[in-house]
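The following exercises invite the reader to examine a structure step by step. Each task is followed by a worked solution.

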Amino acid sequence: MGKSSKDKRDAYYRLAKEEGWRARSAYKLLQLDEEFNLFENVTRVVDLCAAPGSWSQVLSRVLIQGEKFGRAGWEQKQKETREYVLGRSKSTAAEDVAPASEDGGAVKDVQRPEKRQGVQRPEKRQGVRIVAIDLQPMSPLEGVTTLRADITHPSTVPLMLHALDPDTYDPASTTSSPSAPVDLVISDGAPDVTGLHDLDIYVQSQLLWAALNLALCVLKPGGKFVAKIFRGKDVDLLFAQLKLVFSRVRVAKPRSSRASSIEAFVVCEGFCPPQGFKPSLEKPLGAGAALPVPDEKPEATKPSRTVRPDGVVEIDLGDESDEEGIEEGGPRWIAPFLACGDLSAYDADATYALPKDRVSLDPVQPPTAPPYKRALEMRKLAGGAYGKTKGQEQKE
Ligand code: SAM
C-alpha cells in the first residue's frame, strides 16, 4: 500500500493504515467472513496469491491470536454485553467500575464492555497451519508459512504439501494430497490489469482455475473455497462447474470492493469430490474433460457434462433445485448473489471529507519487491518521469 496518491484514495485505504492492515483487501475478507462465518471450526488454511499479506494477517489474527471479527466478534460482543447487564461476570464488571466516591455516592464512570480492552477474548485454536503463496516475496507474519511460487505451475503442489505437513511429507510420494487436508482455501489472485476487459477476465479466469485445481488437491470433504472472480459474460459456466464439486456456491460483493469494479468473490461450501476423482495439476480441471460427474446423485437430478467436438464444454445441471429453492434446470445456473458488509460500513466508491489537520500515515508494510521497482529504477536513471524533456535540455 504505497503513499504516492497522498491518501486521496478511498476510506478503506486510509482505515487499513490506521488499523494496521497491510492492504485494504483485508476488509473484503472480513466482510465475507461477516456474511458467511468463514473461519468457524477452521484450523488449516491455504492463502493463494497472498502478497502483501493482509488476508494472511486476518488469518493469523483470527486463528493464531484468537481475535474475533465479523459475526463471531459481534456474537461475542452481544454475549459480553448480556453478561455485563445481568451482572453474571461480577469480577469482570467490578474491574470496570470506578471506586465509589468517598461520600458513598453513586458509582461513576462505568466503562461499557465494547470499550474495554480485550473484549474479544482470545480463543486459541489447536493445530493451526496457514500457508501463504505468491509470486512476490512477502514479509513474515506470525504463524504463517510463506512460499514464493506460481500457483499456475505444477511444481507448486509439492512445495505446498511440504509446507502443510513439514514433518510427514514424503518427497518421493506421488500423491498430490496432504496427509491432513485443509478446511479452507482462499484466493485473491489478480493479474496486472491491462484495462482490456476481455483479456483481463481471461487472465483472471486462468488464475481462478489454477486456484481451484490447487484447492481440489488439498481440501477436505466439506471444506470451503473462496476466490476472486471478474464477472464476465460467461461467468455462469464457472458457477456450474463449481456446483459439480461444492454443494453450495454463492457470489458475494463485499462493501469494500468498489461497485464500479467487476470484481466479486465466489464462496463455495461443502466440498464433495465425485467418487473416484483424483486431483492432478498435470491434467487440470478446465483443460478438457477431467471432472467426472458425481454418480451418487439420484438419476433425476444428475448433472451432465459434454465436451463438444469444437472443444466447448456444455453443462446440464438436470432438474435439481438448491437449498434456497432456486430452480436450476437447463444448462445455465445463476448463483445466488449477496452484497456483504454492514450497511453502516464505508462505501468504497464514496469520497469522505478529511479533517484539515489530518496526517497521512506510512504504509503498514512497504512492498518488499514490487513489480514496478525496476520501472522506478529505470525512471530514476533516465532523470525523471519521462527522461528529460526538450525544454529541460534547452534550459541546461
Ligand atoms: N490478498 C492479498 C492481500 O490481502 O494482501 C492481495 C492479493 S493481490 C490483489 C493479488 C496478488 O496475486 C499479487 O500479489 C500477485 O503477485 C498475485 N499473483 C498473480 N498471479 C499469480 C500467480 N500466478 N501465482 C501466485 N501469485 C500470483
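**Exercise 1. Identify the residues that Leu 214 touches, then place Leu 214 in its wider setting.**

Solution. Leaving out residues up to four places away in sequence, Leu 214 touches Leu 48, Ile 151, Val 157, Met 160 and Val 185; contact requires C-beta atoms, placed from the backbone, within 7 Å. The model is a predicted one, in which local features need pLDDT of at least 70 and side-chain atom pairs count only at pLDDT 80 or more, while totals for chains, interfaces and linings use all residues. Numbering starts from 1 along each chain as its sequence is written.

Next, consider the core. The largest nonpolar core has 75 residues, and those with the most contacts inside it are Leu 48, Met 160, Val 185, Ala 211, Leu 214, Val 218 and Phe 225. Such a core is a set of buried Ala, Val, Leu, Ile, Met, Phe, Trp, Tyr and Cys residues joined through C-beta atoms within 7 Å. Helix H7 (residues 197-218) gives the most to this core, with ten residues. Helices (H or I, at least four residues) and strands (E, at least two) are DSSP runs, numbered from the N terminus.

**Exercise 2. Determine which strands pair with E2 and whether its faces are covered or open.**

Solution. First, the partners: strand E1 (residues 44-48) runs parallel to E2 and is joined to it by five bridges. E2 also pairs with strand E3 (residues 144-148) in the parallel sense, over five bridges. Pairing requires at least two bridges found by DSSP.

Second, the register: Ile 130 of E2 stands opposite Val 45, and its bridge partner in E3 is Val 144.

Third, the faces. In a regular strand the side chains alternate between the two faces of the sheet. On one side of E2 are Arg 129, Val 131 and Ile 133, on the other Ile 130, Ala 132 and Asp 134, and all are buried. Buried means 20 or more other C-beta atoms within 10 Å of a residue's own, exposed means 12 or fewer, and partly exposed lies in between, with C-beta atoms placed from the backbone.

**Exercise 3. Decide whether helices H3 and H9 are enclosed or in the open.**

Solution. Begin with H3 (residues 54-64): ten of its eleven residues are buried, so H3 is largely enclosed by the rest of the structure. Its buried residues pack against helix H2 (26-36), E1, E2, E3 and strand E4 (182-187). Just after H3, Gly 66 takes a positive phi of about 75°.

Turn to H9 (residues 373-381): of its nine residues the number buried is zero, so H9 lies largely in the open. Just after H9, Gly 383 takes a positive phi of about 85°.

**Exercise 4. Describe the surroundings of the residue that UniProt lists for "active site".**

Solution. The record, an unreviewed entry, lists Lys 228; UniProt positions follow the numbering used here, feature names are shortened, and annotations may be inferred rather than shown by experiment. Lys 228 is in strand E5 (residues 219-230). It counts as buried because it has 22 C-beta neighbours inside 10 Å. Leaving aside neighbours within four places in sequence, Lys 228 is in contact with Ser 187, Asp 188, Gly 189, Ala 190, Glu 263 and Phe 265.

Notes: Two residues are in contact if their C-beta atoms, placed from the backbone, lie within 7 Å.
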